[in-house]
Amino acid sequence: MSNVLAQKQLRSIILNHIIRGNRPIKTEMAHQLYVLQVLTFNLLEERMMTKMDPQDQSQRDIIFELRKIAFDAEYDPNSSSSLEKRKAMYARDYKMLGFMNHVNPAMDFTQTPPGMLALDNMLYLAKLHQDMYIRIVLENSSREDKHECPFGRSSIELTKMMCEILQVGELPNEGCNEYHPMFFTHDRAFEEFFCICIQLLNKTWKEMRATSEDFNKVMQVVREQITRSLSTKPNSLDQFKNKVRCMSYSEILRLRQSERMSQDDFQSPPIIELREKIQPEVVELIKQQRLNRLCEGTSFRKVSNRRRQDKF
């Protein structure tokens with residue numbers, strides 16, 4: 001307990017007196033903050049590389065707790081239904097939770113990364129943001145099968161993506177000083193980061209009107225939304241949440257189009273020369289077409305007396 005309190009106090013001191021202090025942060029201090037951020041996230045590596053043991057009852061109980069929190073109103077502990085019926089009910093619920101393996105969802109957590117870290121994130125969301133968790137699960141379970149965003153699969157892949165973006169398990173780069181102030185604002189910053197990103201994923205899924213076949217495409221868009229928002233260096237998790245909220249799928253498409261148009265290929269000397277050469281001809285062609293249209297004119301149908309009366 002004393003270690004936890006000391007860590008909280010240290011984080012608070014760094015945040016209030018260094019990151020938010022009156023003095024500008026110099027390069028060396030920025031590098032030290034970056035190193036601290038990397039080492040802090042590297043504490044998650046053990047869970048990230050730990051496979052779930054499908055035979056471990058304590059680990060299986062965590063999955064059962066996820067099911068109980070989401071569907072507690074439908075669960076009757078005094079039910080006298082047969083074992084087969086209960087198994088069928090559990091399989092149905094695990095399917096609604098978005099697991100790949102409906103019979104034994106523990107098998108979904110045997111891939112590393114993200115290993116048990118994904119399950120830790122899901123349980124954090126279910127316990128500390130229960131309303132959000134239940135809303136996401138029930139909202140998707142009410143959609144058609146092909147349009148539902150699988151919460152379990154999404155959480156596992158999102159956790160893996162977050163580890164890649166934040167380079168969990170990698171050593172600090174000596175020449176880097178890219179730290180993110182928002183990760184110093186919360187004792188469980190990684191888990192809170194997950195909670196924001198899983199909402200983003202669900203929102204993007206709806207905006208793209210995605211089906212199960214579009215899963216990888218949605219994840220690519222979400223990665224871009226997250227990395228673009230992080231690049232603005234938000235000062236808090238709330239600021240990051242607002243950034244990703246504005247980074248809609250349509251905004252991503254607009255940014256992609258804008259970047260394609262401003263690529264160096266479009267500004268290369270041969271392209272510029274060609275554009276200058278054909279532009280007068282194209283402008284003259286457009287002008288001639290408009291003049292021809294004016295000369296040809298157009299015709300309008302004559303409105304009959306009866307239709308004129310109906311109109312008025």
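Start by selecting glutamate 178 and lysine 233 in this predicted model. These two side chains form a salt bridge, and their closest N and O atoms are 2.8 Å apart. Glutamate 178 sits in the loop between α8 and α9, while lysine 233 sits in the loop between α10 and α11, so the pair ties together parts that are 55 residues apart in sequence. Is glutamate 178 buried, exposed or partly exposed? Its relative accessibility is 45%, so glutamate 178 counts as partly exposed. Lysine 233 is also partly exposed, with a relative accessible area of 29%.

Stay on lysine 233 for a moment and look at its backbone. Its phi is positive, about 55°, although lysine 233 is not a glycine. That is worth a look because most residues other than glycine have a negative phi. The helices on either side of this loop are α10 (215–230) and α11 (237–246).

**A second positive phi**

Now select glutamine 167. Here too phi is positive, at about 55°, and the residue is not a glycine. Glutamine 167 belongs to the loop between α8 (151–165) and α9. With 37% relative accessibility, glutamine 167 counts as partly exposed.

**Salt bridges elsewhere**

How many salt bridges does the structure hold? There are 15. Select arginine 47 and aspartate 120 next: they form one, with the closest N and O atoms 2.8 Å apart. This pair links distant parts of the chain, with arginine 47 in helix α3 (residues 45–48) and aspartate 120 in helix α6, 73 residues apart. Both ends can be reached from outside to some extent: arginine 47 is partly exposed at 33% relative accessibility, and aspartate 120 is partly exposed with a relative accessible area of 25%.

Keep helix α6 in view and add lysine 127 and glutamate 65. Their salt bridge has its closest N and O atoms 3.4 Å apart. Lysine 127 is in helix α6 and glutamate 65 is in helix α4, so to speak two distant parts of the chain linked across 62 residues. Lysine 127 counts as partly exposed at 47% relative accessibility, and glutamate 65 counts as partly exposed at 28%.For a group of charged residues, select Glu224, Arg228, Arg256 and Glu259. Salt bridges that share partners join these four residues into one network.

**Two cis peptide bonds in a row**

Move to the loop between α5 and α6 (116–128), where proline 113 is found. The peptide bond from threonine 112 to proline 113 is cis, with omega near -20°. Now step along to proline 114, which is found in the loop between α5 and α6. The bond from proline 113 to proline 114 is cis as well, with omega near 15°. Most peptide bonds are trans.

**The largest pocket**

Next, select Gln7, Thr40, Leu43, His186 and Asp187. What do they surround? The largest pocket has a volume of about 750 Å³, and of the 20 residues that line it, these five are the closest to its centre. To see which elements contribute, colour α1 (2–19), α2 (27–42) and α9 (189–207): each gives two or more residues to the lining. The largest share, 6 residues, comes from α1. Sorted by class, the lining of this pocket has 11 nonpolar, 4 polar and 5 charged residues.

**The second largest pocket**

The second largest pocket has a volume of about 300 Å³. To find it, select Arg60, Tyr90, Tyr94, Val103 and Pro105, which of the 14 lining residues are the closest to its centre. Which helices each supply at least two residues of this lining? They are α4 (57–71) and α5 (83–96). The largest share of the lining, 5 residues, comes from α4. By class, the lining of the second largest pocket has 8 nonpolar, 3 polar and 3 charged residues.

**A nonpolar patch on the surface**

For the last stop, show the surface and select Leu274, Ile278, Val282 and Ile286. Together they form a nonpolar patch with about 320 Å² of accessible area. Leucine 274 has its place in helix α14 (residues 269–296). Its relative accessible area is 48%, which means that leucine 274 is partly exposed.

Methods:
Residues are numbered from 1 along each chain as its sequence is written. This is a predicted model: local features need pLDDT of at least 70, side-chain atom pairs count only at pLDDT 80 or more; totals for chains, interfaces and linings use all residues. Side-chain values use heavy atoms; hydrogens and water are left out. Patches are made of residues with over 30% relative accessible area and no salt bridge: like charges are joined within 9 Å, nonpolar side chains (Val, Leu, Ile, Met, Phe, Trp, Tyr) within 5 Å. Accessible areas come from the Shrake-Rupley method with a 1.4 Å probe; for residues, only the protein chains shown count as cover. Helices (H or I, at least four residues) and strands (E, at least two) are DSSP runs, numbered from the N terminus. Buried means under 20% relative accessible area, exposed over 50%, partly exposed in between (1.4 Å probe, protein chains only). On a 1 Å grid over the protein atoms alone, a cavity is a set of points where a 1.4 Å probe fits but cannot get out, and a pocket is an open set with protein on both sides within 12 Å along at least five of seven lines; lining residues have an atom within 4 Å of a point. Grid points are joined across faces, edges and corners, and a volume is the space filled by probe spheres set on the points. Ala, Val, Leu, Ile, Met, Phe, Trp, Tyr, Cys and Pro count as nonpolar, Asp, Glu, Lys and Arg as charged, and the others, Gly among them, as polar.
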